[in-house]
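Reader: I would like to learn how to read the main features of a structure such as this one. Please take them one at a time, general idea before particular case.

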Amino acid sequence: MRYKYYQFLFVSCFIILSSCTSKNASIPEYMIGEFQDDYKIEYQLSESRFIQKPNITYNIISWNVEEQYFIAQNDSTNAFDSNLYSRIDWMEFENMEPFKWGFCLSAYNAPSIDSAKAVHTTDRSNPKTGCNGFPFSRMKPITK
């Protein structure tokens, strides 16, 4: 009898917690897809992978939508900093068409997930110098 009670309690908690996700916590739609930056470099972003074409891959571990960053592990096939961790901050742009958003590679060779999360170098109030003194990489959708 006690087992069934705990099983019921576990399932109930799971259902309640699953329903607590709000639309505000989901990945912005404008970020998913294929993009090109100011320098004609192409990118692809999904919920689980950020690819800088032709051969740099970041495997996304977690998204922090509220603070506008994600943590990724650099792919083992990357020529530099493979298997280390990156923090990639982003911001949405206004009045910069065709550029919809930009990213900042805040950390690219952190030894751990926690050390990547701890990096705070962006200033979204100034996209031209707010990425460690450099501009955010501006992204525009690739239309096919």
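Author: Start with how elements are named: helices and strands are DSSP runs, numbered from the N terminus. By that numbering, Asn 132 is in the loop between helix 2 and strand 8. Keep in mind that this is a predicted model.

Reader: What is notable about the phi of Asn 132?

Author: The phi of Asn 132 is positive, about 55 degrees, although the residue is not a glycine. Asn 132 is partly exposed, with a relative accessible area of 37%. Lys 40 is another residue other than glycine with a positive phi, in this case near 70 degrees. Lys 40 belongs to the loop between strand 1 and strand 2. With a relative accessible area of 58%, Lys 40 is exposed.

Reader: Now the strands. How should I read their pairing?

Author: The strands of a sheet pair through backbone hydrogen bonds, and the pairing is either parallel or antiparallel. In this model, 8 strands close into a barrel in the order 1-2-3-4-5-6-7-8, with antiparallel pairing. From one strand to the next the twist averages 35 degrees.

Reader: How many bridges join strand 1 to strand 2?

Author: Strand 1 (residues 33-36) and strand 2 (residues 42-45) run antiparallel and are joined by 4 bridges. To fix the register, take Phe 35, whose bridge partner in strand 2 is Tyr 43.

Reader: And which pairings does strand 5 make?

Author: Strand 5 pairs with strand 4 over 6 bridges, in the antiparallel sense. Within that pairing, Asn 59 stands opposite Gln 73 in strand 5. The two strands form a hairpin with 4 residues between them, and Gln 68 in the turn has a positive phi of about 60 degrees. Strand 5 is also joined to strand 6 by 5 bridges, again in an antiparallel run. There, Tyr 69 has Asp 89 of strand 6 as its bridge partner.

Reader: Is strand 5 mostly covered or mostly open?

Author: A general point comes before the count: in a regular strand the side chains alternate between the two faces of the sheet. As for strand 5 (residues 69-74), this strand is mostly covered, with 5 of its 6 residues buried. The cut-off for buried is under 20% relative accessible area.

Reader: Next, the cysteines. Which residues form a disulfide?

Author: A disulfide is a covalent bond between the sulfur atoms of two cysteines. The model has 1 disulfide. Cys 104 and Cys 131 form it, with their sulfur atoms 2.1 Å apart. The torsion about their S-S bond is about 85 degrees, so the disulfide is right-handed.

Reader: Which parts of the chain does the pair tie together?

Author: Cys 104 lies in strand 7, while Cys 131 lies in the loop between helix 2 (113-117) and strand 8, so the pair ties together parts that are 27 residues apart in sequence. Cys 104 counts as buried because its relative accessibility is 0%. Cys 131 is also buried, with a relative accessible area of 9%.

Reader: Where are the cis peptide bonds?

Author: Read omega for the bond that leads into the residue in question. The bond from Lys 53 to Pro 54 is cis, with omega near 15 degrees. Pro 54 sits in the loop between strand 3 and strand 4. The bond from Glu 97 to Pro 98 is cis as well, with omega near 10 degrees. Pro 98 is in the loop between strand 6 (85-92) and strand 7.

Reader: Last, the pockets. What volume does the largest pocket have?

Author: The largest pocket holds about 310 Å³ of space. It is lined by 19 residues, and the closest to its centre are Tyr 39, Pro 135, Phe 136, Ser 137 and Arg 138. Strand 3 (49-52), strand 7 (101-110) and strand 8 (137-141) each give two or more residues to this lining. By class, the lining divides into 13 nonpolar, 2 polar and 4 charged residues.

Reader: What lines the second largest pocket?

Author: The second largest pocket has a volume of about 170 Å³. Its lining includes Ile 56, Tyr 58, Phe 80, Asp 81, Leu 105 and Tyr 108. Strand 4 (56-64) and strand 7 are the elements that give two or more residues to it. The lining of this second pocket has 6 nonpolar, 3 polar and 1 charged residues.

Key: Residues numbered from 1 in each chain as written. Predicted model: local features only at pLDDT ≥ 70, side-chain atom pairs only at ≥ 80, totals over all residues. Heavy atoms only, no water. 1 Å grid on protein atoms, 1.4 Å probe; cavity = no way out; pocket = protein on both sides within 12 Å on 5 of 7 lines; lining within 4 Å. Points joined across faces, edges and corners; volume = space filled by probe spheres on them. Nonpolar A, V, L, I, M, F, W, Y, C, P; charged D, E, K, R; others polar. Pairing = 2+ DSSP bridges. Axes fitted to C-alpha atoms, helices over the stretch in contact; angles between N-to-C directions. Disulfide = S-S within 2.5 Å. Buried < 20%, exposed > 50% of the residue type's maximum accessible area, 1.4 Å probe, protein only.
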